[in-house]
Amino acid sequence: MQEANEEEVFEQYKTTLKIIEELEFKNMLSEKEDSLGAILKINSGAGGTESLDWAEMLMRMYIRWGERNNYKVKEINFQSGDEVGVKSVTLEFIGDYAYGFLKCENGVHRLVRISPFDSNNKRHTTFASVFVSPSIDDNIEIIINPSDITWDTFRCGGAGGQSVNKLETGVRLKHYPSKLVVENTEGRSQFKNKENALRILKSHLYEIELRKKQEKQTQIEGEKKKIEWGSQIRSYVMHPYKMVKDLRTSYETSNVQDVLDGNKNMKNRDIIVVGLQAWDISIGSTCKNIAMEFSKNNRVLYVNPALKRKTSIKEKNKIEVKKRLEIINNKKDDIEKINENLWTLYPKKIIESINFLPSCIFSYFNKINNKRFSECIKDAIKRLNFKNFIIFNDNSMIDCLYLKEYLKPNLYIYLLRDNVISRPYHKKHGVKAQIELIKKVDFMVVNSYYFRDYGKKYNKNVFMIGQGCNLELFNDDENQIKIPEDIKNIPSIKVGYTGYLTSVRLDIEVLIYVAKNRSDWNLVLVGPEDEDFKNSELHNLKNVYFLGLKKPEELPSYIKSFDIAINPQIINEMTNWNYPLKIDEYLSMGKPTVATKTEFMEYFKEHTYLPKNKEDYVFFIEKAIKENSKFLEEKRKSYAKEHSWENFVKKIYEIIEK
């Protein structure tokens, strides 16, 4: 019999350990009802609009927890708040041990945060209650006297028009001995909804009997404490510090968002990150941000692109090239430690510049380049003792095409976030190489629906996860960002843009049309200009202000002054499929945003206005001004915050864990 190698033994050990841990935990859930499904009900409590929103946040948390733990989650009944959130919702978790896991959630849950509904940005405390009962099956007999029940029927809510339910399919059951009221609007059949309502009532009654036996209370109302201060089982504090604390066990964690997302971070894995951008690049880098986020919980090796022969000769006097040549000549170490879990590798081998070759022989020489590159990575893997590693490839479709064959990773992930193959250098061989790479990776993550549909032509495992952004600079929750003097005296309405003013991306005609047709608006353009902008008619218009180049850290103060933020792009191969980071910057400051309708802007359509032409721009800017409100501003901020690097990487973790 062939002996297992060290890696196979380690993998078997981890698998066995996981099985033992699951068995031990299930052994703790030894009551017969623990193995059943669960009925979970959330009621909003003291706190008005704030508590309705909190109840909806809890609903989202439990649904996400259920889905991540492979439970089927059904919405049995839902009562929405008058303006936002949830008054009451009942969910059913179908699967083994759902009740055993969820029964500890019974009680009042307290939230402390800066309320998005308070124009004064004051801290609010609010409450919601959670009640969990086992979803009983046919093996448990509960006898109910029909005379103890009355039934009401009602029409289920709909979207209006043809969607309104004209039949009374919703049912409301009242059980007088227990004072329980159960509503069910789950199905389109009144008979089926009555069946389900009875089943839920039996589950609640069974829970009451369990609690009587445990001598915790004599009736269900004793368990349902007032949903207010002093009766909570768990506190979720988001301001002035971050902490979730269970008041029964004293367990606490500072990762509030992780708890509310109902998920767990992947930990203690070895990850190799490759891409087109070097670690010592002078500008911000998606690839670097992802690697930094990975390294919070995992060991990460960030591999710089290998030095090409042509670059080593033509650009030998550049600081970056000099450094790489010193490493290749063994004058400097090829591995640098960035933090406790993160290293960056500068490959010690030069690869040949082969892009000029015809496709018939390009593939042969590209394999040789890939092999040289892989040998450098292999050596680093051995020295860092990486095991069962994951390769995460950010848009490098040529130099990393054969890494799966040469390095044999546990998992190979490809991120497609930019239309790199539209650029002249990559267009020649990148189109074919990218298709070949997509076919062989284990799965692919993308930041647009366009890239998702493109990827699915070649690989069924393609996931749209949006984009990560560093938006800390644009957080003005404490109202500390000051408006600069050079924009302060420009009268409103200020219609603003930040970024490089170039005719390659921006439509000058749109800006001229808006300025000429609405002289009561003022266009404020923050950023350096190309020659087309410098020579444009915009400089002759009195209501157009050019404020010039600003430091990145200054941009939030200018955006804060805008009444409306715009992104008037020309639609071309470059703009149509590239993620517009500035939209997240605008939205994170709550600004009404009007941007040309591109493929990528579909991603933001619920929170932006999307004109197709210059006439539409005037209409939508006016509409955005009229419709703006504090509520919409907070919704925009909340949406933008979802695009943090932390949330971006969590989505990758979730796919890996599946």
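**Exercise 1. Two crossing helices**

In this predicted model, α7 and α21 are roughly perpendicular to each other. Show which angle supports that description, and find the residues that make the contact.

*Solution.*
Step 1. Locate the helices. Helix α7 covers residues 286-294, and helix α21 covers residues 645-657.
Step 2. Check the axes. They come within 10 Å and cross at roughly 70°.
Step 3. Apply the cut-off. Angles of 65 to 115 degrees count as roughly perpendicular. The two helices are therefore roughly perpendicular.
Step 4. List the contact. From α7 come Thr 286, Asn 289, Ile 290, Glu 293 and Phe 294. From α21 come Trp 645, Glu 646, Phe 648, Val 649, Ile 652 and Tyr 653.
Step 5. Sort by class. The contact has seven nonpolar, two polar and two charged residues.

**Exercise 2. The length of α19 and its surroundings**

Compare the expected span of helix α19 with the distance between its end C-alpha atoms. Then describe its N-terminal cap and its buried residues.

*Solution.*
Step 1. Helix α19 holds 14 residues, 614-627.
Step 2. At 1.5 Å a residue, α19 should span 20 Å. The end C-alpha atoms are 20 Å apart, so the two values agree.
Step 3. Look at the N-terminal end. Asn 613 caps it. A side-chain oxygen of Asn 613 lies 3.2 Å from the backbone nitrogen of Glu 615.
Step 4. Name the buried residues of α19: Tyr 617, Val 618, Phe 620, Ile 621 and Ala 624.
Step 5. Find the cover. It includes β20 (494-498), α15 (508-517), β23 (564-567) and β24 (593-595).

**Exercise 3. The length of α20 and its packing**

Repeat the length check for helix α20, and state what its buried residues pack against.

*Solution.*
Step 1. Helix α20 has twelve residues, 630-641.
Step 2. The expected span is 16 Å, and the end C-alpha atoms are 17 Å apart, which agrees.
Step 3. The buried residues of α20 are Glu 634, Arg 636, Lys 637, Tyr 639 and Ala 640.
Step 4. These buried residues pack against α18 (581-588).

**Exercise 4. Arg 234**

Is Arg 234 buried or exposed? Identify its strand and its contacts.

*Solution.*
Step 1. Arg 234 is found in strand β9, residues 232-237.
Step 2. Its relative accessible area is 10%. Buried means under 20%. Arg 234 is therefore buried.
Step 3. Leave aside neighbours within four places in sequence. The contacts of Arg 234 then include Tyr 62, Cys 104, Glu 105, Val 244 and Asp 246.
Step 4. Compare sequence with space. Arg 234 and Leu 111 are 123 residues apart in sequence, and their C-alpha atoms are 8.8 Å apart.
Step 5. Add the polar contact. The side chains of Arg 234 and Tyr 236 are joined at 3.0 Å.

Conventions: Residues are numbered from 1 along each chain as its sequence is written. This is a predicted model: local features need pLDDT of at least 70, side-chain atom pairs count only at pLDDT 80 or more; totals for chains, interfaces and linings use all residues. Side-chain values use heavy atoms; hydrogens and water are left out. Axes are lines fitted to C-alpha atoms, for helices over the stretch in contact, and angles run from 0 to 180 degrees between N-to-C directions. Helices (H or I, at least four residues) and strands (E, at least two) are DSSP runs, numbered from the N terminus. Angles under 35 degrees count as roughly parallel, over 145 as roughly antiparallel, 65 to 115 as roughly perpendicular and the rest as oblique. Contact means heavy atoms within 4.5 Å. Ala, Val, Leu, Ile, Met, Phe, Trp, Tyr, Cys and Pro count as nonpolar, Asp, Glu, Lys and Arg as charged, and the others, Gly among them, as polar. The expected span of a helix is 1.5 Å times one less than its number of residues. Buried means under 20% relative accessible area, exposed over 50%, partly exposed in between (1.4 Å probe, protein chains only). A polar contact is a pair of N or O atoms within 3.5 Å; within protein, one must be able to donate a hydrogen and the other to accept it, and residues adjacent in sequence count only if both atoms are side-chain atoms.
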